[in-house]
Amino acid sequence: TTRAIRFNAALSYTNNNAATADLTVKLTLGATALSTLTWTNIPISASARSISVESIISERNATNDQSTLTRATISASGAGAIAADIPDGAGVVANAVYGVHGITTVDTTAASALALTVTHDAASANQSIIFQFAQVELL
């Protein structure tokens with residue numbers, strides 16, 4: 001397409017494990033990663049956090065030249081407020097609002113799957129990610 005695509009998703013995440021967790025959210029088009037967002041050291045809580053992801057994928061002068069802007073937020077556990085309890089590697093509170101911009105070269109005249117994947121740093125029955133909904137719009 002020579003137009004733009006808007007992608008929105010909502011997820012629910014719980015880390016009720018015995019340790020902090022790292023979480024990576026990746027948006028791909030075909031085999032190409034459009035954006036990768038990673039939160040580290042997410043504290044333990046039996047209450048779920050909300051994660052929202054919004055991306056705009058726009059062609060830049062050709063059908064194999066895209067610009068992608070992705071924004072994501074993670075909430076505090078059990079609340080709708082932005083998280084203020086996720087430390088970065090230096091042990092200080094990191095902003096839970098994430099923004100990534102990138103340039104890719106995917107041939108959008110061919111069929112390609114748009115996929116959102118989520119991975120933990122370690123497998124545990126006490127960590128869960130629930131996909132709530134996604135919305136894709138052709139702009």
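## Exercises on an all-strand model

The side chain of asparagine 15 reaches the backbone nitrogen of asparagine 17 at 3.3 Å. This is a predicted model, where local features need pLDDT of at least 70, side-chain atom pairs count only at pLDDT 80 or more, and totals for chains, interfaces and linings use all residues. Residues are numbered from 1 along each chain as its sequence is written, and side-chain values use heavy atoms, without hydrogens and water.

**Exercise 1.** Place asparagine 15 and state whether it is buried or exposed.

*Solution.*
- Find the strand: asparagine 15 lies in β1 (residues 4-15). Strands are DSSP runs of E, at least two residues, numbered from the N terminus.
- Check the cover: asparagine 15 has a relative accessible area of 3% and is buried. Buried means under 20% relative accessible area (1.4 Å probe, protein chains only).
- List the contacts (heavy atoms within 4.5 Å). Beyond four places in sequence, asparagine 15 touches residues including Ile42, Pro43, Ile44 and Gln127.

**Exercise 2.** Give the strand order of the five-stranded sheet and find its edges.

*Solution.*
- Write the order: β6-β5-β4-β1-β8, an open sheet with antiparallel pairing. Two strands pair if DSSP finds at least two bridges between them.
- Mark the edges: β6 (97-104) and β8 (127-138) each pair on one side only.
- Inspect one pair: eight bridges join β5 (residues 65-74) to β6. Arginine 71 stands opposite glycine 99 in β6.

**Exercise 3.** Describe the protein chain as a whole.

*Solution.*
- Count elements: the protein chain has zero helices and eight strands.
- Assess burial: 35% of its 139 residues are buried.
- Estimate extent: the C-alpha atoms fill a box of roughly 50 × 30 × 25 Å along the principal axes.

Conventions
Helix = DSSP H or I, 4+ residues; strand = E, 2+ residues; numbered from the N terminus. Buried < 20%, exposed > 50% of the residue type's maximum accessible area, 1.4 Å probe, protein only. Polar contact = N/O pair within 3.5 Å; in protein donor to acceptor, adjacent residues only side chain to side chain.
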